[in-house]
Amino acid sequence: MAAEHIVGDDQGWTVNFNYTTWASGKVFHVGDTLVFNYKPPHNLFKADGAGFKDCAATGEPMASGNDIITLSSPGKKWCICGYGKHCSELGQKLVINVEAETPEPNAAHGLAASGYQIFAAAVAVVAMIAA
């Protein structure tokens with residue numbers, strides 16, 4: 001089941017916030033969403049590793065103030081604010097690692113249930129043979 005992650009929790013997407021600490025302890029999976037809440041002059045750019053390191057924004061910014069990114073593939077994902085020195089000097093940047101999709105809980109339960117049914121059938125057969 002996909003999770004929604006509000007980036008920065010109640011602080012949102014802002015300066016002088018430790019997004020590394022925010023992301024630690026969280027597990028991000030394919031299908032989850034990141035919600036970035038902010039006010040101008042902030043914006044949001046998806047970046048690559050070099051763009052993240054250098055705080056180099058390229059392409060068109062997202063600037064709705066309520067941007068949602070669906071995590072569609074596993075691996076590292078980087079986001080930065082492209083306004084002024086918000087990324088380079090004020091820490092407005094995020095890197096996360098996205099893991100592959102997790103199996104649905106019902107699928108795992110279904111495997112356990114079918115295993116139990118096979119075991120119960122085997123016990124019944126042995127009981128009939130022994131009788």
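These are my notebook entries on a predicted model of a protein chain.

**Entry 1, overall layout.** I began with the secondary structure and counted 3 helices and 7 strands in the protein chain. Reading along the sequence, I wrote the pattern down as β-α-β-β-β-α-β-β-β-α. I then looked up burial, and found that buried residues make up 29% of the 131 residues. The accessible surface of the chain comes to about 8,200 Å², and 59% of that surface belongs to carbon and sulfur atoms. For the contacts with a separation of 6 or more, I noted that residues 24 or more positions apart account for 70%.

**Entry 2, the open sheet.** I traced a sheet of 4 strands next, which is open, has the order β2-β7-β6-β4 and shows mixed pairing. The edges are held by β2 (28-29) and β4 (45-47), each of which has a single partner strand, so one side of each is left without a neighbour in the sheet. Looking at the β4 edge, I found that β4 pairs with strand β6 (residues 75-80) in the antiparallel sense over 3 bridges. Within that pairing, phenylalanine 45 stands opposite isoleucine 80 of β6. As a reminder to myself, strands of a sheet pair through backbone hydrogen bonds, either parallel or antiparallel.

**Entry 3, β3 with β5.** I followed another antiparallel pairing, in which 5 bridges join strand β3 (residues 33-37) to β5. Here valine 35 has isoleucine 68 in β5 as its bridge partner. I then went along β5 to see where the side chains point, and they alternate: Asp67 and Ile69 point to one face and are buried, while Asn66, Ile68 and Thr70 point to the other face and are not buried. The general rule I had in mind is that in a regular strand the side chains alternate between the two faces of the sheet.

**Entry 4, the loop before β5.** I located glycine 59 in the loop between α2 (49-54) and β5 (66-70). With a relative accessibility of 63%, glycine 59 counts as exposed, because the cut-off for that class is over 50%. I also checked its position against alanine 47, and the two residues are 12 apart in sequence and 9.3 Å apart in space, C-alpha to C-alpha.

**Entry 5, aromatic rings.** My search for aromatic pairs gave a count of 4. In one of them, the rings of tryptophan 13 and tyrosine 19 have centres 5.0 Å apart and planes at 55 degrees, so I entered the pair as tilted. The rings of phenylalanine 17 and tyrosine 19 also make a tilted pair, since their centres lie 4.7 Å apart and their planes stand at 50 degrees. Ring pairs link Trp13, Phe17, Tyr19 and Phe36 into a cluster. On accessibility, I noted that tryptophan 13 and tyrosine 19 are both buried, and that tyrosine 19 has a relative accessible area of 2%. Phenylalanine 17, at 23% relative accessibility, counts as partly exposed.

**Entry 6, charged side chains.** I looked for charges over rings and found lysine 93 lying over the face of phenylalanine 52, at 4.5 Å from the ring centre. I then turned to salt bridges, of which the structure holds 1. Glutamate 89 forms a salt bridge with lysine 85, and the closest N and O atoms are 3.6 Å apart. Glutamate 89 counts as exposed, at 56% relative accessibility.

Notes. Residues are numbered from 1 along each chain as its sequence is written. This is a predicted model: local features need pLDDT of at least 70, side-chain atom pairs count only at pLDDT 80 or more; totals for chains, interfaces and linings use all residues. Side-chain values use heavy atoms; hydrogens and water are left out. Buried means under 20% relative accessible area, exposed over 50%, partly exposed in between (1.4 Å probe, protein chains only). Contact means heavy atoms within 4.5 Å. Accessible areas come from the Shrake-Rupley method with a 1.4 Å probe; for residues, only the protein chains shown count as cover. Rings of Phe, Tyr and Trp (its six-membered ring) pair if their centres lie within 6.5 Å; planes under 30 degrees apart count as stacked, over 60 as edge-to-face and the rest as tilted. A charge sits over a ring if NZ of Lys or CZ of Arg is within 6 Å of the ring centre and within 35 degrees of the ring normal. Two strands pair if DSSP finds at least two bridges between them. A salt bridge is a side-chain nitrogen of Lys or Arg within 4 Å of a carboxyl oxygen of Asp or Glu.
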